[in-house]
Amino acid sequence: MPDNSTDDSRHPALLYHEFPRPGKLEVRPTKPLANGYDLSRAYSPGVAEACLEIKADPENAARYTTRGNLVAVVTNGTAVLGLGNIGALASKPVMEGKAVLFKKFANIDCFDIELDEPDPEKLAAIVCAMEPTFGAINLEDIKAPDCFIVEKICRERMGIPVFHDDQHGTAIVVGAAATNALRVVGKRFEDIKIVSTGGGAAGIACLNMLVKLGVKRENIWLCDIHGLVYEGREVDMNPQKAAFAQATDKRTLSDVVAGADLFLGLSGPGVLTPAHVQQMSARPIIFALANPAPEILPDDVRKVAPDAIMATGRSDFPNQVNNVLCFPFIFRGALDVGATEINDAMQIGCVEGIAALARATTSAEAAAAYKGEQLSFGPDYLIPKPFDPRLMGIVASAVAKAAMESGVAKRPVADLVAYKEGLDASVFRSAMIMRPVFETARQTERRIVFAEGEDERVLRAASAMLEETVEVPILIGRPEVIEMRLERAGLSIKPGRDFELVNPQDDPRYRDYWQSYHAIMQRSGVTPDLARAILRTNTTAIGAIMVHRGDADSLICGTFGQFLWHLNYVTQILGNAERHPVGALSLMIQQEGNLFIADTQVHPNPTPEQIAETAIGAARHVRRFGLAPKIALCSHSQFGNLDTPSGRNMRAALDILNAKGVDFDYEGEMHVDAALDPELRARLMPNSRFAEPANVLIFANTDAASGVRNILKARGGALEVGPILMGMGNTAHIVTPSITARGLLNMSALAGTPVAQYG
């Protein structure tokens with residue numbers, strides 16, 4: 001990577017690495033160490049027990065130490081990015097960065113190891129000696145051909161995976177991109193001619209991968225700085241290059257490029273010219289992967305071959321070939337099954353997983369991370385984006401499966417489906433707690449109408465509903481707007497085929513709908529003309545009328561606008577003596593545990609009766625998640641120590657719950673810290689009704705409830721599921737404008753499951 005930085009980019013990069021503390025990594029303990037008892041378990045004498053278990057069976061190291069989730073990134077700094085041989089010490093920022101990517105994308109712990117050893121055999125010996133420490137080795141930025149020697153020795157001597165990412169990581173992503181590029185142009189691996197420039201580690205590995213995928217070796221023409229690699233050449237040759245030597249009198253790139261289907265460049269800028277491109281086959285595939293300046297720029301290719309398919313190593317052009325699509329997830333799968341190596345089957349499983357994901361519907365999370373980019377499969381979208389959260393589950397499980405099937409897994413997983421669900425849950429934080437809700441939603445077909453059907457988040461949620469549930473989405477919106485936004489988002493769902501579309505400007509049921517609304521509201525000041533206007537423009541009212549008339553089972557609204565405005569129409573149309581808004585319940589998903597908060601929206605200053613109703617509704621909904629409700633009535637007063645309005649209301653609500661004889665645990669009134677800390681609560685109230693931390697906090701007003709909810713989101717990093725509108729018999733839910741597409745999917749699952757069975 002030549003030094004082409006400017007002060008504008010250089011200074012921020014240096015500040016990033018220096019502050020608030022130098023470097024990008026730290027080590028943190030994962031077990032408590034607060035007292036003498038903890039110390040006796042963490043170190044002497046308790047640590048001896050773990051040592052003896054590992055001595056008896058080395059596989060126990062994965063049970064009692066971090067080794068099963070610990071990777072070493074090892075380099076000697078001889079070929080660092082495009083910087084060349086800068087030495088081990090100068091390579092440390094890059095290796096720290098690689099370790100950060102392992103943690104960020106696959107939750108793998110990583111130590112960067114920079115070794116000042118240029119001799120490849122000595123370097124390999126040092127790496128082999130580190131086997132007791134690590135579960136896998138990632139070799140990085142070692143020059144060719146030394147990297148081949150180091151990897152070969154380490155693979156032969158070590159019983160853990162050894163993976164040279166510069167070689168195999170690049171090869172896997174190139175293989176995935178090539179798989180999809182050939183699909184786009186309608187060609188097959190076994191039929192194509194490949195011309196490649198660059199005989200280094202990455203280039204050779206990519207060619208070997210393409211051979212494994214079906215390319216015939218005799219159809220590969222390899223060039224390097226000295227020209228074509230041919231039989232009998234003596235200059236700058238090694239066994240890896242010689243494997244692709246051609247028996248020919250041709251000597252240059254210009255001699256062999258004619259008729260090529262795929263150009264693969266891992267060399268330097270300007271190597272491929274527009275004249276070369278003109279000589280290639282129809283719809284040529286050009287992977288110009290030199291960084292930062294590719295072998296040819298996409299704009300130059302388009303001038304002579306507008307239908308060419310391009311990939312580069314840069315993020316400012318489509319189809320960036322980036323190793324981060326591969327290495328975190330191939331190591332994740334390998335570590336989880338205790339693989340002894342990363343073999344061909346695992347690498348091909350990785351290729352297939354990455355390629356298949358690009359052909360699937362783009363995730364909402366990836367779309368949000370790359371706003372403004374077209375992320376639908378085709379010439380400009382051959383491989384997924386690095387921030388697509390589905391990579392973990394799809395790629396790692398494919399690798400684990402291949403490891404087990406090829407016999408290199410020492411700790412095979414019993415259930416691959418459950419394994420993938422666990423991986424997804426580690427990325428989608430709501431996945432684990434939402435699992436029982438989705439399982440129920442898959443058994444009950446309900447029609448869910450979305451009032452704001454033109455919103456891209458709604459469109460993505462509807463697409464995901466069709467994949468993950470049996471629910472039927474109904475979208476309210478203008479057909480031309482929805483079709484345009486589906487195309488822009490790269491979503492393949494179609495109105496009439498995959499979902500019902502209600503056009504508020506022209507629906508055959510319009511007369512029936514406004515008359516139904518007028519019949520409900522005629523004695524509340526709503527004239528026929530006003531009813532007509534509302535049912536032409538107010539999509540929340542339209543959705544509520546659909547549920548009222550039985551054309552839908554549940555309404556979801558609120559992606560824009562104020563909660564109480566939507567609640568007004570929901571209550572008007574769907575409310576009655578038995579069915580009325582009780583409160584809004586938000587599930588806050590945190591690393592420390594899940595917490596339900598109520599009432600965040602409905603009753604600004606609830607009466608004791610409304611507080612009791614909120615507690616009963618919350619208990620019913622908490623059970624939908626497979627949890628036993630532990631409800632705390634929260635107030636500034638604590639167990640009667642203050643005579644305040646909130647304290648009096650909470651005490652009165654407690655009396656109401658006592659009189660009703662409800663079948664769930666509740667306690668109050670108390671402070672939030674007493675609700676969450678059983679030891680503190682036991683000191684204050686030794687006879688508390690339950691001993692566990694509360695999982696539901698009910699507040700005396702919406703200011704407190706909403707404030708806690710927002711603090712947990714903004715400063716605690718909590719993920720919200722909700723708000724869940726309680727008391728309406730699951731006929732309507734009103735979300736908030738900050739909701740994501742996955743949040744809407746979660747709400748659709750909640751809307752698609754029955755509530756009455758939970759009490």
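Colleague: Which residue in β3 is the bridge partner of Ala-72?
Modeller: Strand β1 (residues 70-75) runs parallel to strand β3 (residues 136-139), and 4 bridges join them. Pairing requires that DSSP finds at least two bridges between two strands. Strands (E, at least two residues) and helices (H or I, at least four) are DSSP runs, numbered from the N terminus. The partner of Ala-72 in β3 is Ile-137.

Colleague: Which pLDDT cut-off applies to side-chain atom pairs?
Modeller: Residues are numbered from 1 along each chain as its sequence is written, and side-chain values use heavy atoms, leaving out hydrogens and water. This is a predicted model: totals for chains, interfaces and linings use all residues, local features need pLDDT of at least 70, and side-chain atom pairs count only at pLDDT 80 or more.

Colleague: Which strands stand at the edges of the sheet with β1 and β3?
Modeller: The sheet is open, with 4 strands in parallel pairing and the order β2-β1-β3-β4. Each edge strand has a single partner, so one of its sides is left without a neighbour in the sheet. The edges are β2 (109-114) and β4 (162-164).

Colleague: What angle does helix α8 make with β4?
Modeller: Within this sheet, neighbouring strands are turned by 20° against each other on average, direction ignored. Helix α8 (residues 165-185) packs on the sheet and touches β3 and β4. Touching means contact, with heavy atoms within 4.5 Å. Axes are lines fitted to C-alpha atoms, for helices over the stretch in contact, and angles between N-to-C directions run from 0 to 180 degrees; for α8 and β4 the value is about 75°.

Colleague: And how does α14 run relative to β3, at what angle?
Modeller: Helix α14 (residues 327-336) lies across β1, β3 and β4. Its angle to β3 is about 160°.

Colleague: Which helix gives the most residues to the largest nonpolar core?
Modeller: A nonpolar core is a set of buried Ala, Val, Leu, Ile, Met, Phe, Trp, Tyr and Cys residues joined through side-chain atoms within 4.5 Å. Buried means under 20% relative accessible area, exposed over 50%, and partly exposed in between, with a 1.4 Å probe and protein chains only. The largest core has 99 residues, and Ile-137, Phe-287 and Ile-354 have the most contacts inside it. With 10 residues, the top contributor is α8.

Colleague: How many residues are in the other core, the one with Leu-750?
Modeller: This core lies apart from the largest one. Ile-611, Ala-615, Ala-653 and Leu-750 are among its members. Its residue count is 56.

Colleague: How many residues of α31 are buried?
Modeller: The buried residues include Arg-742, Asn-746 and Leu-750. The helix is largely enclosed by the rest of the structure, because the buried count, out of 11 residues, is 11.

Colleague: Which strands does α31 touch?
Modeller: The sheet concerned is open and parallel, with 5 strands in the order β13-β12-β11-β14-β21. Its edges are β13 (500-502) and β21 (732-734), each with a single partner strand, so one side of each has no neighbour in the sheet. Between β11 (residues 447-450) and β12 (residues 472-476) there are 4 bridges. Helix α31 (residues 741-751) runs at about 160° to β14 (554-557), and the strands touched are β11, β14 and β21.

Colleague: Is the crossing of α6 and α7 left-handed or right-handed?
Modeller: The axes of α6 (residues 120-129) and α7 (residues 146-157) come within 9 Å and cross at roughly 35°. A crossing is left-handed if the near helix is turned anticlockwise from the far one by less than a right angle, and right-handed if clockwise. This one is right-handed.

Colleague: Which peptide bond has omega of about -15°?
Modeller: Asp-599 sits in the loop between β16 (593-598) and α26 (608-623). The bond is cis, and it joins Ala-598 and Asp-599.

Colleague: Is Asn-319 buried or exposed?
Modeller: Asn-319 lies in the loop between β10 (309-312) and α14. Its phi is near 60°, a positive value in a residue other than glycine. At a relative accessible area of 5%, Asn-319 is buried.
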